[in-house]
There are 2 protein chains.
Amino acid sequence: MKKKMASRFSVDAATKTHSLHLVHPCDVCEVRPYSACAALNPDEQAHLVEIMTTVEVDAHQPIFDEAERAQHVFNVTEGAVKIYKLLSDGRRQITGFLFPGDFLGLTHNESYAYSAEALTHTKLCRFPRQKLEALLDEMPKLEQRLLGMASHELAAAQDQMILLGRKSAKERVVSFLMMLSNAAVRHGRPDNPVGLPMTRNDMGDYLGLSLETVSRALTQLKTQGLIQLLDERRVRLAKPEAMREIAGGV
Amino acid sequence: MKKKMASRFSVDAATKTHSLHLVHPCDVCEVRPYSACAALNPDEQAHLVEIMTTVEVDAHQPIFDEAERAQHVFNVTEGAVKIYKLLSDGRRQITGFLFPGDFLGLTHNESYAYSAEALTHTKLCRFPRQKLEALLDEMPKLEQRLLGMASHELAAAQDQMILLGRKSAKERVVSFLMMLSNAAVRHGRPDNPVGLPMTRNDMGDYLGLSLETVSRALTQLKTQGLIQLLDERRVRLAKPEAMREIAGGV
DNA sequence: CAGCGTATTTGACCTAGATCAAAGTCAGAC
DNA sequence: GTCTGACTTTGATCTAGGTCAAATACGCTG
């Protein structure tokens, strides 16, 4: 019985046959220092590789759906991902944008806590959840690292709550640009100009705004000389200090 | 050098002298099955008790401040707590209401991620952070439990994001009442009628609304016969099914 | 390079909820 | 019991941002 997933992912078979020289993808993984894998010694890493598959997803393709049984955990290695929740009438809240080094799919329930979709062509490491959980028992360091990441995400979630609950449209857009830039630094990517791999609509669904309001805020920032829109998908932060001020103290 | 904290907390000295019969407070702790402590065997629990102090805080008194060095982790055993973040101009977002069994103060930074204040007279178990972290290394079960709790909180944070980003005022208030009721069930407290230990202003700061809008939504729900306000601090959910519908699918 | 579908910008208008203001209510202090 | 201050409700107005609509702009595909 083949899974439907086969149609969604292109699986890199080579990964599974890291034969002869014991060269495996982690050795050349560019995001390892930024991901949970950094906590592992070579031996532990080898255990992880044994249960891992690398998969690729085209832009705008789903990675998993909220309703689905949560059978895998993923680690982004290339590309960008959005995770989101839907209300029954279609209203959408994007709860995060993920970049190389970020984990997704961790849950303590039967199903995922959100849906995930690739923004650009994306590569991920995929781990069967059950096997990973079994490994976790033997690797307290990995578990500690995951707790650390969860704690960091929790703090980020609270920043997002104050943004959604109490910030003006302009403050939200500025905070968003600063956040993208900070995330880029943290992941060792260029942070200025900063890339915008998502649409205005996605930004709106992340910031609790309409796409028109996002667009208006961006042109206003451009007019004020705080940013330059190099092209539709690339913003230069001209006055980061002034922007940090506007972002509003958080 | 005495800490300033001494003025804030009333510390129950008896806790530290659980002498003769090795009776310690956990044995009679009513919230243990609902807290992280449930993961522990008696021996592990004893280790935890050794580093623990019980403290009491009066209603409307601070427990810790966001800017403070995070030296303790707390577990609520009685009462109710609000945690919140402030923008520099005073706008406030309450990011959570905590009840017996809930942890607060976990962070991976120098300082706390939020401020915490008692809503009612509150009792807490207090653990020195460093000592707790040392114990964590020896108690993988506790660490797993904390990861599970963090993962649960993360899911709750995402529900809060969709509430703040995409729900109407009425949907927010209904969602809030349902959430309080669900939390009461989870913690083994009466869930209908449900207690409201916080003010309308607090509710507004949690839901991203003004206190007036919260009040209007409540009277509208009352008029529609969905709820009854027994007194200012106690709501009966008259039609939970209809309310679950309004809450909007999440 | 022409045509097309999608994303973005900009404009005009509208509405949910904020803000301002004024009565009630209630609980604790004396 | 009644005074007082904090909380809540209700009303009247205002506005930030949503919605609807139209005009560009931008890749792609053939």
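This note walks through a predicted model of two protein chains and the DNA strands beside them, point by point.

1. **Ground rules.** Residues are numbered from 1 along each chain as its sequence is written, while chains are lettered from A and ligands numbered from 1 in the order in which they are written. Because the model is predicted, local features need pLDDT of at least 70 and side-chain atom pairs count only at pLDDT 80 or more, whereas totals for chains, interfaces and linings use all residues.

2. **How the two chains relate.** Two copies of a chain are related by a rotation about an axis and a shift along it. Here, a turn of 180° with a shift of 0.0 Å along the axis lays chain A on chain B with an RMSD of 0.0 Å (a least-squares superposition on the C-alpha atoms of residues with pLDDT of at least 70 in both). That is the relation of a two-fold axis. The copies meet through the same surface, because 100% of the interface residues of chain A are also interface residues in chain B.

3. **Around DNA strand C.** Which residues come closest to DNA strand C? They are A:Thr199, A:Arg200, A:Ser215, A:Thr219 and B:Thr213, out of 17 residues that surround the strand (near means that the C-beta atom, placed from the backbone, lies within 6 Å). Two or more residues each come from helix 5 (200-207) and helix 6 (211-223) of chain A and from helix 7 (211-223) of chain B. Helices here are DSSP runs of H or I with at least four residues, strands are runs of E with at least two, and both are numbered from the N terminus. Helix 6 of chain A has the largest share, 6 residues. By class, this surface has 5 nonpolar, 7 polar and 5 charged residues (Ala, Val, Leu, Ile, Met, Phe, Trp, Tyr, Cys and Pro count as nonpolar, Asp, Glu, Lys and Arg as charged, and the others, Gly among them, as polar).

4. **Around DNA strand D.** DNA strand D is surrounded by 19 residues, with A:Thr213, B:Thr199, B:Arg200, B:Ser215 and B:Thr219 the closest. Helix 7 of chain B gives the most, 6 residues. The classes here are 5 nonpolar, 7 polar and 7 charged.

5. **Strand 12 of chain A.** In a regular strand the side chains alternate between the two faces of the sheet. Strand 12 (residues 234-237) of chain A shows this: A:Val235 and A:Leu237 point to one face and are buried, while A:Arg234 and A:Arg236 point to the other and are not (buried means 20 or more other C-beta atoms within 10 Å of its own, with C-beta atoms placed from the backbone). An antiparallel pairing with 4 bridges joins strand 12 to strand 11 (residues 227-231) of chain A (strands pair if DSSP finds at least two bridges between them). A hairpin through 2 residues links strand 11 to strand 12 of chain A, and A:Leu229 stands opposite A:Val235. Strand 10 (residues 194-195) of chain A also runs antiparallel to strand 12, with 2 bridges; there A:Val194 has A:Val235 as its bridge partner.

6. **A sheet in chain B.** Four strands of chain B form an open antiparallel sheet in the order 3-8-5-6. Strand 3 (62-64) and strand 6 (92-98) of chain B are at the edges with a single partner strand each, so one side of each has no neighbour in the sheet.

Conventions: Buried ≥ 20, exposed ≤ 12 C-beta atoms within 10 Å, placed from the backbone. Contact = placed C-beta atoms within 7 Å.
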